[in-house]
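Please open the model in your viewer and keep the sequence panel beside it. The tour below goes from one selection to the next and says what is found at each stop.

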Amino acid sequence: MKLKKLLPLLLALCLLPAACGKAPADGGATLTVMGKPMDLKKSYMTRVFDRYEQATGVKIVPVPIDDSAFEDTAAKALASGKGPDILMHFHNADLDAFDVEKDFLPLTDQLWVEELTEGARAYCTDARGDLLGLPFWESSVSGCYYNKTVLDSLGLRPASTQAEFNALCAALKEAGMTPLCWPADGCAWMIQFALDPLFADDPENLAAINENKLSYADLPQVADMFTWIDAAYKAGWMGSDSMTTGWDQIGPVMASGDAVMTFIWDTWFYTDFTPGKYSMDDFALMPVFLNTTDAGTYEGGNLNMMMINKNSPNVDTALDFLAFCASPENYNAAFEGISTVSCFVHQTTNIQSHMVTDAQSSLASRERASTASSRIRGYKNDDVVSIVRELFSGMISPQEAVAHLDASRLRQTAPAS
Amino acid sequence: MKNRLKKLLSPIAIAAVLLISLLIGIFYFNYMSRHIYNDSTAHLEEIYGQVNRAFGTFVEKNWGVLASWGEYLSLLGNDDPDSVAAYLSQNRDYWGATKFYFVASDGTVMALDGQRYTMDFDGFLDTLMRERQPIVSGESMPDGQEIVIFATPVTSGMYRDFEYDAIAVSYSNDDLAASLRVDAFSGLAKCFVAQSDGRVLFSTQSGGIVFANYLKYLSAASDLSPEAMDKISADWAVGAPGIVECRIGGEKQILLYQGAGYQDLILLSVVPSGVVSAGFLSVQRITLYVLAILFLLISGLVFTPLVVSSHRRSKHDQKELRYREMMFDILSNNVDDIFLMLDGDRRQVEYISPNIERLLGIPVEEARSDVRVMEKCSVGGDAVIPHEVLDSIPLGGSITRENEYMHQTTGERRWYRLTVYRTSIQDVEKIILVLSDRTQERHMNQKLQEALDAARSANEAKSNFLSNMSHDIRTPMNAIVGFSVLLEKDAGKPEKVREYTGKIMASSHHLLSLINDVLDMSKIESGKTSLNVDRFSLPELLSELNIILLPQARAKNQTLTVYIKGAPPENLMGDHLRLNQILINLLSNAIKYTPEGGKIEFTVSEVSQAASQFAKLRFIVKDNGIGMSEEFQKEVFSPFSREVSALTSQIQGTGLGMAITKNLVDLMGGVISLESQLGKGSTFTVELTFALPDEAEADFRARHMIKRMLVADDEEEIGRDIQEIMEGSGVEVVAVTDGKAAVEAARQAQRAGRGFNVILVDWKMPDLDGIEAARLLREAIGQETPIVALTSYDWADIQEDAKKSGVSAFMPKPFFASTFWETIEPLFSDPSGAADQLPDDKVLEGLRFLVAEDNELNAEILSELMDMEGASCEIAANGREVVDKFVSSEPGTYRMILMDVQMPVMNGYEATRAIRASAHPDAGTVPIIAMTANTFAEDVKRALDSGMDGHLGKPIDMDAVKATVGRLLNGRKNAARAEGSE
């Protein structure tokens, strides 16, 4: 092992005995929380740590591990029995480094589970149905953000089904508008939104595809999706500049009204959108429709979870800490003024865009955890970009696009020779 | 004329018929379109009237049903909510409704399952509650589903603690749409129920409603003018019916609307125009097709006989044309004439014979598309026939010209005669071009002309030759005869005798050289001359030239300097004698035509060239003599050509030397060139290529251990040449340009411990001559370092003085590395032996010769001449006799044998072979020299091949005899020394 990777591990192993379950100088208990340095320093994390320490006298000891060696270090620490009480990590393919069943305590039966939004709960639940951790993180909602001012002026209403979306695109096109901004130059997250329902709604599909017992070709919705994308592009619903539209052009296109809808996330409006003819107030949210589910879908953000080390001597204290975090009083205090989509149903102090707030009832039944991109092994957005471009160029058919997507996945997961 | 008129009228008639047909068609199409539109809209109105009535019936039925349920509910009361729910559920399902609602006066509704919502009933709540009128409205449910609500006021009641004043049922938009959808227009028709302000309550659109307000959409997406939109809005406000055609998204649509008769609702239908009138358009199309077919049939009946007749005629003509073309193609393929026919106006090719590809290498299609491609073939690159020339040909006229063309594929050039006819065929102007191959004819003429020229030239040459020969032979003969007469007359006067014999000898020599040149020229020109290629030494050749030519130059007080540039290879394969002849001719001419005190430079250099097994040498003979006129330069290489001027008239010459030289250079595959300016001199340059013998270069430096060398020559260029020649040999060459500098350089070098291993001193230097320089050098550096005198002169005269002044050896100019090494080698091994190398003018003294000569007179002359040189001769009359005399002699009796070749009994070659084959102890070593009038290279070769060692031409020249004998004796001496040293 290279020294660069070894150092953080040695450092962590040296620190852990000093931190784990050992009484602090004033005689109270301690809880060690291992995470990436920047994650542990988030304001809402330090706020809730402080509140808990003040409320209980239990000392929270953050154990920062360098990003590059995080999974390796944390997994080894847990396996050696010297792991932290609580581990902060995202629920994605990186959890493969851990023995989830042996390392983490299932939290499904905790009382505070009801406090979680559907999307947050889905994100933190594994294939067996166990809730792995408490999502305590800032988040966003990805969906179809549309220019409601333009729609109103045209006497059109947002779609609630795939058929309506098709009719809406046709009506917008008839009215001389570009219905959908599809940045085919380097962007492919739109596809992952569409695939979420196939794998988030059916964890067996996820497990099967990760074990190579299932391919995209076995799921007819994937071919339906590419067929729809191909037809929409050819019908002009994505405009004539889609192939040259990339990340940098989405903002100007939407702000000018050159396109009416795009598949993006709410925090993008805070970070990358500069108002033009239209501002953020002109936009609203509806589900993404890419022909994989009739009712459409939203993708929740990637959430950092606090997971309890099953083998920690301080499991009870850790459970108490998580319950503390999940109480409305504490999470509202921690997230006050933070721009994020709510993870908790009674979250009120965070700053949430009107777009997300207005779409709450729609979100409630359609929000899904990010699954395709983060949890399908071998899913590679760069390859998806190429596939969509080849499809648009007429080099491949929708069926061939499915085959290429499978080939990409197998290529990425093939063992290094 | 008649044909022309016919041709003109036909298109006009056809155009008129087509125009009339088109106008009728347009009129009919417009009429039909108007008719179809009216019929279509009437049809549409009828269909949507039915839809409207169906929807109205559906509304009325729902309201009626709800009213009856209300009455029943008031009878049931509030006591048994389960019975109420069961009754309502059953009836709801029976009527196909989605849900049943109790409606409170504030718009709150409660479903049978107890779920409560708030609805605004599209603003019709007041109508329902206050005006107590039944309503129909659209509603978006929280889950996004679009529903249609039918509500009617009922007697107030209570259901599960919910106080209601009206009841309602809902249908999903999709379900209701399915029941009312119009299938008449391929499912492409849309039906809306909208409020008068445009808000859409309900739509039959598949998949749901995306139109919130259709008037807004229409205003934004259609091409309707604001006025038209105002008209529609006004119609909708009062529920007036209307029908409008417009474009939405580029497609023509028909909008049909009418008031529903309740709640100010409007029923709107939107159908693509093309779909509405599709049926009628189909009828229209069919009608048009039928008319078109009828038109075509009638036209066919009328025109078919004409067309068939015309077609038959045309077919016949075509067939005839094809037959003729085929015949013509076959014919032209078998002749060497190319035929082209061009359109008179456009100059486009109408016919081209296929043999153009064979004869000129131009593909037929290429020539057909643009006749100008033929310009590529024209050797001059000119147009085949310029336009202005074509235009100048009168109709019916023709022109002819001859030109040379090059085949585009093979590059072969051939002469063609081009005849261009400007003619008219069936009143159409045509240009016909015929190219006839005249190459053979032209070649024949050319050959005839050449033969004629050659014959004339030969005749002229013969006359010139005879005239020249007559003059050139008679002149010396006249002198010989004349002075012989005078000699006889003045025999008693010794001075006169010496004068006359001298002049007779000079004339004889001139006559001899003339005869030699004529015979040589004759042999070369007859192609009988061959080259005797053998290995030869360039330094030796140049040394021989020096020996021959230097006395001539000295006699005229001229400077003859030989320069060697670079390091030309010293050993070459070639005809040494012929090369010698070329260079002697050039150099002796230079001496001859350069006034006294003039300067002649002879430069030898190597010209770089690719093949490593060959060397290309350049010989330049440059003089500052009388030069040649430009006219004469053109004739200089022609036989008997001599420039006639006051200067040349005094100079003897045959006029054959340069012709022979040129022929020999040509024979050797070389080139000779001349630059000359009258009064300033001439420069002849000869370039010849020689094969290099296969031999390894010896490491001379390793053998001699010479590191430093001093060269003193007043000509700086010679010093540089020597440095260049010795470059790479490892010998450092220091060059100085006078004797004093040489002495000083040698002294300083010795003082510094870097003394020179050998010193070369030019014998003629302006400040110190060679003797003085050698003496001073000996004083300065002692006796050990060899001093070699470098001289272009015969050193016999200076030999004694040179030895006394300290010169170790002599070396001829120009400087050659091999000569240098050969010269100094004995000095390093045996410094005292150098004197033996020096030539001896008295080489014949004391020698005894065996001479084979069948001609008594010649034998006598030779005996006398030998006697004069101190040598003795024993004469044998033929080859047999000479062999016998030699075989029977004591060893060492004869120092050398002079052998005539053409002898009776046994010729010289046979005799030589017999001597060499004999058992006599001297058989293998005795030098045998051919002595013959056969002086050609082949004769020399034959002599050497038979075992002889040298060759002397007759008449005998004693200087040549001495030189040859001396060379042979020195060679034997060297060989003996070499054997002794081994």
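How many bridges join strand β31 (residues 896–900) of chain B to strand β32 (residues 928–932) of chain B? Select both strands: they run parallel and are joined by 4 bridges, where two strands count as paired if DSSP finds at least two bridges between them. Helices (H or I, at least four residues) and strands (E, at least two) are DSSP runs, numbered from the N terminus.

Before going further, note that this is a predicted model, in which local features need pLDDT of at least 70 and side-chain atom pairs count only at pLDDT 80 or more, while totals for chains, interfaces and linings use all residues. Residues are numbered from 1 along each chain as its sequence is written, and chains are lettered from A and ligands numbered from 1 in the order in which they are written.

**First stop: the sheet around β31(B)**

Stay with the two strands and pick B:D900, whose bridge partner in β32(B) is B:M931. Now widen the selection to the open sheet of 5 strands, which has the order β30-β29-β31-β32-β33 in chain B and parallel pairing. Its edge strands, each pairing on one side only, are β30 (872–876) and β33 (950–953) of chain B. Neighbouring strands of this sheet are turned by 25 degrees against each other on average, direction ignored; for such angles, axes are lines fitted to C-alpha atoms, for helices over the stretch in contact, and angles run from 0 to 180 degrees between N-to-C directions.

Next, add helix α25 (residues 856–868) of chain B, which packs on the sheet and touches β29 (848–852) and β30 of chain B, with a direction at about 165 degrees to that of β30(B). Contact here requires that the C-beta atoms of two residues, placed from the backbone, lie within 7 Å. Helix α26 (residues 879–888) of chain B can be added too: this helix lies across β29, β30 and β31 of chain B and runs at about 150 degrees to β29(B).

**Second stop: another parallel sheet in chain B**

Move to the open sheet of 5 strands with the order β25-β24-β26-β27-β28 in chain B, where the pairing is parallel. The strands at its edges, each of which pairs on one side only, are β25 (732–736) and β28 (809–812) of chain B, and the twist from one strand to the next averages 25 degrees. Within the sheet, strand β24 (residues 708–712) of chain B runs parallel to strand β26 (residues 758–762) of chain B, and 4 bridges join them; select B:A712 to find B:V761 of β26(B) opposite. Helix α19 (residues 716–726) of chain B packs on this sheet, touching β24 and β25 of chain B, and its direction makes about 175 degrees with that of β25(B).

**Third stop: antiparallel strands in chain B**

Select strand β15 (residues 413–425) of chain B together with β16(B): they pair in the antiparallel sense over 10 bridges, and B:L418 has B:L435 as its bridge partner in β16(B). The hairpin of these strands has 2 residues between them, and B:Q426 takes a positive phi near 50 degrees there. Strand β16 (residues 428–437) of chain B also pairs in the antiparallel sense with strand β12 (residues 337–343) of chain B, over 7 bridges, and in that pairing B:D337 is matched with B:S436.

**Fourth stop: where the chains meet**

Show both chains and select the contact between them, which takes 21 residues from chain A and 20 residues from chain B. On the side of chain A that touches chain B, the elements giving two or more residues are α8 (162–174) and α17 (360–366) of chain A, and α8(A) gives the most, with 8 residues.

**Last stop: two asparagines and the start of chain A**

Select A:N212, in the loop between α10 (203–210) and α11 (220–234) of chain A; although not a glycine, A:N212 has a positive phi of about 60 degrees. Then select A:N291, in the loop between β8 (283–286) and β9 (298–300) of chain A, whose phi is also positive, near 70 degrees. Which of the words buried or exposed applies to A:N291? A:N291 is buried, with 21 other C-beta atoms within 10 Å, whereas A:N212 is exposed, with 12; a residue is buried if 20 or more other C-beta atoms lie within 10 Å of its own, exposed if 12 or fewer, and partly exposed in between, with C-beta atoms placed from the backbone.

Finally, colour chain A by pLDDT, the predictor's confidence in each residue, from 0 to 100. The mean for chain A is 89, and 92% of its residues reach 70 or more, but over residues 1–27 of chain A the pLDDT is below 50. Where pLDDT is low, the predicted coordinates should not be read in detail.
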